[in-house]
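Welcome to a short tour with your viewer open. Load the model, switch to a cartoon view, and follow along one selection at a time.

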Amino acid sequence: MTTNITPDELAFQRPFQENIRAFYAQKYPDKMPLAFVRTFGCQQNVADSEHIKGMLAEIGFGFTDTPDEADVILFNTCAVREHASDRVFGNVGALKHIKKRRPDTLIAVCGCMVQQEHVAKKFRESYPFVGLVFGTHVIHRFPELLWNALNRRKQLSVTPESDGVIAEGLPVHRDGTFKAWLPIMYGCNNFCTYCIVPYVRGRERSRQPEEILAEARELVAAGYKEITLLGQNVNSYGKGESHGVNFAELLRRINAIEGDFTIRFMTSHPKDATHELFDTIATCEKVSHHFHLPFQSGNNRILKEMNRRYTREQYLDLVNYARSVIPDISFTSDVIVGFPGETREEFEDTLTLVKSVGFTSLFTFIYSPRKGTPAAEMPDPISSETKTAWLQELTALQEDISAERLSVLVGTTQRALLENACDGYIEARLADNSVVRVSGDEKLLGRYAAVRIIDARSWIMTGEIVSVEE
């Protein structure tokens, strides 16, 4: 059962905030304490870290880009793939020398990875210099946990099992000034056999539409140009709730907010993507015509083994319907290569689906077993060398498709958000989520511009700014 954190429960954290503030004021009479926060994994983790940073800022912390000068070092972790977990262990291990040199530094690890008991146990037994370990369901208690960790010698580990919580009213320290993450729901009910997320994030639970709309209005009033709605499966928004607002209706309500901004969202599950949703996108001028719709495999047997609950044919029907009502829609997707027992013939079904859809880009991964999931117990006779070769084949195919799709844009002028300075260029993102590099002053970041496309390659285009909107 979902737990809604009450205002009284949040108020319970205030004395801990005051205690921490007094503790560091005595330690540093002439300066503020510093925190280093590093986030691994998905955008939901980024949004969680923004709340943690909001609580730190409210206590009186400043932030630093280097752990060497931080009083609190916090890693927010991801459990989706083994590589991400290995990176966390490696990076946390490298902090041991900081703890040795500066014993008062508090090292904390939180998030999906430590919500798994075997991982929390490893931190207890092998990383005793980590002072605080806490899971995904107690972020709202961060001031209390931080204060308790500062006042004990041994590691504090808090990773309770839960169906999940919703905590409204937490402060936010956003990383960006014109692009914002807006969680609309948490958790997942799908239990794909390869995925650990339902076990570490809890069951699906939706925020009230009034809370979401109020936050969206605040973002627009603050000048944010791009708002990305977040959920493990945004298409399930509102299921089982009494308010009767589904995801399509939520998009319509946010679209009706006055202002010049773009609405994006992720991630979507194909089994819950409806014709109503595509019809809504077609009529909402602020909703991006880019749709991230993970298909994971193009073979029906593998999809069944994954517990995805749709078929190849149903997925292609969705894409075809979307293009019938939104002709310029672009699709990106996630693909798993080498799922346990996958044959060459079944992998080729993935290749033909990719050719049929013509994705703008793909996020491709070799299957990574996650302890505690059904797929981790399945026989897996395919060698890692074969899986790597398949991944390279898929990547090469998608590079050709991407190059062909982007080449069509050469010579056209497109509206784009100037969003990032990189390697002497500005990266501008088009409505279809593709990126074009242009020359320009970094002061232009956060503004919309008309951009003429000059050249296109597999993943990125180059262009020039024609004009910048006021």
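Begin with helix H3, residues 43-59, which lies across E9, E12 and E13. Its direction makes an angle of about 95 degrees with E9. Keep in mind that you are looking at a predicted model.

**The sheet beside H3**

Now colour the strands themselves: E9, E12 and E13, in that order, form an open sheet of three strands with parallel pairing. Strand E9 (179-183) and strand E13 (262-266) are at the edges; each has a single partner strand, so one side of each has no neighbour in the sheet. Averaged over the sheet and ignoring direction, neighbouring strands are turned by 25 degrees against each other.

Zoom in on E9 and strand E12 (residues 226-230), which run parallel and are joined by five bridges. For one place to look, select Ala 180, whose bridge partner in E12 is Ile 227.

**A second helix**

Next, select helix H9, residues 209-221. This helix lies across E9 and E12, and runs at about 175 degrees to E9.

**The cysteines**

Finally, show the cysteine side chains. How many disulfides does the structure hold? The count is zero. Select Cys 110: the nearest cysteine sulfur belongs to Cys 112 and is 9.2 Å away, and Cys 110 is in no disulfide. Is Cys 110 buried or exposed? Its relative accessible area is 0%, so Cys 110 is buried.

Then move to Cys 188, also in no disulfide, where the nearest cysteine sulfur is that of Cys 195, 6.3 Å away. Cys 188 is buried, with a relative accessible area of 9%.

Note on methods:
Residues are numbered from 1 along each chain as its sequence is written. This is a predicted model: local features need pLDDT of at least 70, side-chain atom pairs count only at pLDDT 80 or more; totals for chains, interfaces and linings use all residues. Side-chain values use heavy atoms; hydrogens and water are left out. Two strands pair if DSSP finds at least two bridges between them. Helices (H or I, at least four residues) and strands (E, at least two) are DSSP runs, numbered from the N terminus. Axes are lines fitted to C-alpha atoms, for helices over the stretch in contact, and angles run from 0 to 180 degrees between N-to-C directions. Contact means heavy atoms within 4.5 Å. A disulfide is a pair of cysteine sulfur atoms within 2.5 Å. Buried means under 20% relative accessible area, exposed over 50%, partly exposed in between (1.4 Å probe, protein chains only).
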